[in-house]
Amino acid sequence: MRQIAWLLILLLIVGGVGDAQTRTLNVGDATINYDVAGKGPTVVFIHGWSHNISVWDDQVPPFKSRYRVVRYDSRGFGRSTGYADESAEPQDLLLLLEALRVKRAYIVGHSRGGSVALRFASAYPSHVAGLVLYGAFPEGFPAPPEVGQMFGSLPAIAKQNGLDSVGKLVLASPIAWVPPGRKDVTDRYRRLWASYSGKDLLDPHAESGHVPAVTIPQLANIRVPTLVIVGDHEAPFIAAVADTLAQRIPGAKKVVIPNDGHGAHFAQPASFNSALMDFIFDVERNKKK
């Protein structure tokens, strides 16, 4: 009986699907939920706003055969605790890499997660083997007024009308543009939204300021191999951001994913995975020269 009890405790602490191990890391003011699968060079996936680690389900199987795949719930999202704080997340990632004894990793960030990845690469470049940005925003890039107004209105809408109303507004906006005929992608967005707690809207906290956002002029200081990904049906202002990132970050490459909007990793996973693998392969090959 004692052996069975210990086994149950172990399963609660370290679980997961297949060979992926789900764990938690205490970073002081938050507990970060993450999982690890595979062996090889480490690739870290950072999800976007309102999402969680499940958004990378289409990346784990193909990547874990040759890479060590790490994905985590950002603080305040998914199963991680604490309050949403983009400026604290680069330190969370640093502590996670140190706990895993990873010196350098490929950092892949989507949307809000791309902005976190950009901050991390700026603050801790020696820990970055390569940087992949998909929908990242540098500080100071002018978003259309209607987008700023929409995001500014979300906390009040969430408190007065509930998260369902916020979800309908977001899914109808340009930031969730879905290619024609892709009901499966829309359904995926809805499932992700259904698991979103809305904590950052219902109980918002100011950023701690630990790691500042990267401004447009500071993009020239990013000195790590960088890939910028954009969908061919992305909202125009986000496509413009991708152009700025590709032009301002020295040596950055840009890949356009056909028939995709703001979620290539689950809308067009084969194309997304191929572009990412090609980028990592090129970086690894150049290291050996």
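**Notes on helix packing and the cores**

Colleague: Which exposed residues sit on the face of α6 turned away from its buried side?

Modeller: That face of α6 carries Asp164 and Lys168 (exposed: over 50% relative accessible area; buried: under 20%; partly exposed: in between; 1.4 Å probe, protein chains only). Helices are DSSP runs of H or I with at least four residues, strands are runs of E with at least two, and both are numbered from the N terminus. This is a predicted model, in which local features need pLDDT of at least 70 and side-chain atom pairs pLDDT 80 or more, while totals for chains, interfaces and linings use all residues. Residues are numbered from 1 along each chain as its sequence is written, and side-chain values use heavy atoms, without hydrogens and water.

Colleague: And which residues of α6 are buried?

Modeller: In helix α6, residues 163-171, the buried ones are Leu163, Val166, Gly167 and Val170. They lie on the same side of α6 because they cover an arc of only 100 degrees around the axis (taken from the directions from the helix axis to the C-beta atoms).

Colleague: What do the buried residues of α6 pack against?

Modeller: They pack against α5 (145-161), α7 (183-194) and α8 (199-202), where contact means heavy atoms within 4.5 Å.

Colleague: At what angle do α5 and α6 pack?

Modeller: The angle is about 150 degrees, and the axes are 7 Å apart. The α5 helix is therefore roughly antiparallel to α6 (over 145 degrees; under 35 is roughly parallel, 65 to 115 roughly perpendicular and the rest oblique). Axes are lines fitted to C-alpha atoms over the stretch in contact, with angles from 0 to 180 degrees between N-to-C directions.

Colleague: Which residues meet there?

Modeller: From α5 there are Met150, Ser153, Leu154, Ile157, Ala158 and Asn161, which meet Leu163, Ser165, Val166, Leu169 and Val170 of α6.

Colleague: Changing topic, how many residues has the largest nonpolar core?

Modeller: It has 43 residues, and those with the most contacts inside it include Val44, Tyr72, Leu93 and Leu245. Helix α4 (residues 112-123) gives the most to this core, with five residues. A second, separate core of 30 residues includes Ala37, Val108, Leu276 and Met277. A nonpolar core is a set of buried Ala, Val, Leu, Ile, Met, Phe, Trp, Tyr and Cys residues joined through side-chain atoms within 4.5 Å.

Colleague: What does Leu93 touch?

Modeller: Leaving out residues up to four places away in sequence, Leu93 touches Val44, Ile46, Tyr72, Ile107 and Phe120. Leu93 is one of the buried residues of helix α3, residues 89-99. The buried residues of α3 pack against β1 (21-26), β2, β3 (42-46), β4 (68-72), β5 (105-110) and α4.

Colleague: Where does Ala37 of the second core lie?

Modeller: Ala37 is in strand β2, residues 31-37, and is buried at a relative accessible area of 3%.

Colleague: Is His265 buried or exposed?

Modeller: His265 is buried, at 0% relative accessibility. It is placed in helix α10, residues 264-267. Beyond four places in sequence, His265 touches Val55, Trp56, Asp58, Gln59, His110, Tyr134 and Phe272.

Colleague: What about the backbone: what is the phi of Ser111?

Modeller: The phi of Ser111 is near 55 degrees, a positive value. Most residues other than glycine have a negative phi. Ser111 is in the loop between β5 and α4 and counts as buried at 19% relative accessibility. Asn259 also has a positive phi, of about 55 degrees; Asn259 lies in the loop between β8 (253-257) and α10 and is partly exposed at 31%.
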